[in-house]
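Here are my notes for a colleague who has not yet looked at this structure. They are set out as numbered points.

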Amino acid sequence: MFLVSPTFPEISQPNIEIKVFPDGDSYVRINDMDKCQGEDVSLFHRLYPKQNTAIFNTIQMLHTLKRVGARTTLIAPYFPYSRQDKTFLMGEALSAQVLCKLLVEFGLVKLITVDCHFLKREGEAEYANLKIQNISASRLLVEHARGKIGLEQLEVISPDEGANYLVSEFGGKSMKKERGGHYDNAGAEETYRSVEKVERSFDVKDKNILILDDMIATGGTMIKAVENVKKGGARKVFCAATHGFFLNDSLDKLKKLSDGIFTTNSIPNDVAEVDIVPLLKKALADGQVDAPIRP
Ligand code: R5P
């Protein structure tokens, strides 16, 4: 198995060039192509920020590798479009399927990713013909919380049932989320589904609570969850997520509202305190990669 990557200097020597032509077209060149010929190749690439460009660059890399008969596994800590696995209005694109099918079409054999939204469980899966290994960062996040907060008595819960797999092994319960039934226009081109309610059917009074989710995007879910738990009389409330986008002013709001907040570094942000690289290195080691992995 040979290792190629433009974006993970923590893991391997960057050996893919990505540049831009003056008109904005992307240019991609994989070095060491002779070593990829007919081989199993691991491609490490971040698909966020600038996800559309990153996806197109990935397709350029996959096509280049396929042309020399390589079988490529993509390792991407965050998988974009993973929340668009359902349609709500007639005519909407099923973008999660579009992306998976596109990657398969251009030669992707397997995707290794972390807390992929539409899978809702850890382990091996197949979605839109793409084989996916979904790794969970939940253990790292809970371990970090216990070390950072120094509280023995910490209950781990999720803000909705979709994220239950993140908390169930810690005996955690899930709240229930209700999304708004329509899309709000936040601007000429921006769209999102608002969060109406996050409710709870279990007691949190006098407990120290960690609310764990796969991602914090606009913060709508986490803010409502923290408010609910505080109203329920929790002693201290912390929040964490695998992927932290913190759009608009949501990080400031959550810092004020909670007793502490952190995420992994799958997406760069100011509270990315948990390193995702050991999880990725383990996935590599399990795949028995021959190329040198940076210590
Ligand atoms: C969705 O169900 C996810 O698990 C997250 O709860 C959601 O994507 C977070 O988005 P936001 O921060 O915009 O509420």
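1. Salt bridges overall. The count of salt bridges comes to 13. The model is predicted, and this count, like the other values below, is computed from it. As background, side chains of opposite charge can pair when their charged atoms come close.

2. Two examples. Glu17 and Lys19 are joined by a salt bridge, with N and O 3.3 Å apart. Glu17 is partly exposed, at 24% relative accessible area, and Lys19 is also partly exposed, at 47%. Glu124 and Lys110 form another salt bridge, with an N to O distance of 3.4 Å.

3. Division into domains. The protein has a domain 1, made of 2-136 + 278-293, and a domain 2, made of 139-274. Domain 1 is thus given as two stretches of the chain, and domain 2 as one. Taken over C-alpha atoms, the centres of domain 1 and domain 2 are 27 Å apart.

4. Extent of the interface. On the domain 1 side, 19 residues are in contact with domain 2, where 16 residues take part. Together the two domains bury about 1,600 Å² between them. Of this area, 58% lies on carbon and sulfur atoms. Which three residues supply more than any other three of the area that domain 1 buries against domain 2? They are Tyr48, Tyr78 and Asp115, with 32% of that area.

5. Charged and polar pairs across the interface. Between domain 1 and domain 2 the count is one salt bridge. In addition, eight residue pairs are in polar contact across the interface, both residues of each pair being at pLDDT 80 or more. By class, the side of domain 1 that touches domain 2 consists of eight nonpolar, four polar and seven charged residues.

6. A further salt bridge. Arg139 pairs with Glu122 in a salt bridge, and their closest N and O atoms are 2.7 Å apart. Arg139 is the residue at which domain 2 begins, while Glu122 falls within the 2-136 stretch of domain 1.

7. Cysteines. The count of disulfides is zero. Why does Cys116 have no bond to Cys100? The closest cysteine sulfur to that of Cys116 is in Cys100, and at 7.1 Å it is too far for a bond; the cut-off for a disulfide is 2.5 Å between sulfur atoms. Cys116 is buried, with 2% relative accessibility. Cys239 is buried as well, at 0%. Both values lie under the 20% limit for a buried residue.

Key:
Residues numbered from 1 in each chain as written. Predicted model: local features only at pLDDT ≥ 70, side-chain atom pairs only at ≥ 80, totals over all residues. Heavy atoms only, no water. Domains from an automatic or database assignment. Contact = heavy atoms within 4.5 Å. Buried area = accessible area lost by both parts, 1.4 Å probe. Salt bridge = Lys/Arg side-chain N within 4 Å of Asp/Glu carboxyl O. Polar contact = N/O pair within 3.5 Å; in protein donor to acceptor, adjacent residues only side chain to side chain. Nonpolar A, V, L, I, M, F, W, Y, C, P; charged D, E, K, R; others polar. Buried < 20%, exposed > 50% of the residue type's maximum accessible area, 1.4 Å probe, protein only.
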